[in-house]
Every structure is written in structure tokens, then in C-alpha cells.
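Please open the model in your viewer and keep the sequence panel visible. The tour below proposes a series of selections and describes what is found at each.

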Amino acid sequence: MTEEKLYDTRREIANFLKLRRKQLGITQQQLADLCGVNIITVIRTEGAKFFLSTKQLILFCEALDCELKLLPKNKSYF
């Protein structure tokens, strides 16, 4: 995996989380409070500067009323 692929993935996650937060009308501070993290974690995550741990990502998904799903790239597996 290249650094570019990692950055692209981090940016994609960041954009989704930020968009979802805005759709729900909550502030970065409110999201931080809901997730039990510092606001800096939210800011850095939304800015694609930080990868959340699995636990944090699940907490963000719960707070933002969304699901984390892993799907195979190749649908021929099914």
C-alpha cells in the first residue's frame, strides 16, 4: 500500500464524517463530547491529518448515526 493510497483513504473517511456531522447539524465540539475525545481529534480527523483507531471510528459512527461496513472489492466472492 502506498502513502498516496493511505492519504486518499484518510481523506475519503474525513470528508464523509465531516459531511455527516454537518447533515446532523452538530458542531465539532458536540461530536467530540459524544465520542469522548478531544475537539482536536475531531478537527484533525476532519482535516485528514489523523487516522482514528477502530474504537474511535466506531464511536464516531455511532454518534453520527451511520454504519461501518467492509465490502469486498471483487463481488465474484459471492
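Throughout this tour, a residue is called buried when its relative accessible area is under 20%, exposed when it is over 50%, and partly exposed in between, using a 1.4 Å probe and protein chains only. This is a predicted model, in which local features need pLDDT of at least 70 and side-chain atom pairs count only at pLDDT 80 or more, while totals for chains, interfaces and linings use all residues. Residues are numbered from 1 along each chain as its sequence is written, and side-chain values use heavy atoms, with hydrogens and water left out.

**The whole chain**

Begin with the entire protein in cartoon view. Four helices and zero strands are present; helices (H or I, at least four residues) and strands (E, at least two) are DSSP runs, numbered from the N terminus. Along the principal axes, the C-alpha atoms fill a box of roughly 40 × 25 × 20 Å. Of the 78 residues, 27% count as buried.

**Helix 1**

Next, select residues 3-24, which form helix 1. The expected span of a helix is 1.5 Å times one less than its number of residues. For the 22 residues of helix 1 this gives 32 Å, and the end C-alpha atoms are 32 Å apart, which agrees.

Now show the side chains of A14, L17, R20 and R21, which are buried. They cover an arc of only 135° around the axis, and therefore lie on the same side of helix 1; the arc is that of the directions from the helix axis to the C-beta atoms. Turn to the face directed away from this buried side to find the exposed residues E4, E12, K22 and Q23.

Add helix 2 (28-35), helix 3 (39-46) and helix 4 (54-63), which are included in what covers the buried residues of helix 1. Just after helix 1, select G25, whose phi is positive, near 70°.

**R21 and its contacts**

Return to R21, in helix 1. R21 counts as buried because its relative accessibility is 7%. Leaving aside neighbours within four places in sequence, R21 is in contact (heavy atoms within 4.5 Å) with I26, T27, Q28, L31, E46 and L64.

**Two residues with positive phi**

Which residue in the loop between helix 3 and helix 4 should be selected next? Choose A48, which is found there. Although not a glycine, A48 has a positive phi of about 60°. A48 is buried, with a relative accessible area of 3%.

Finally, select D65, in the segment after helix 4. D65 is not a glycine either, yet has a positive phi of about 50°. Is D65 buried or exposed? With a relative accessible area of 62%, D65 is exposed.
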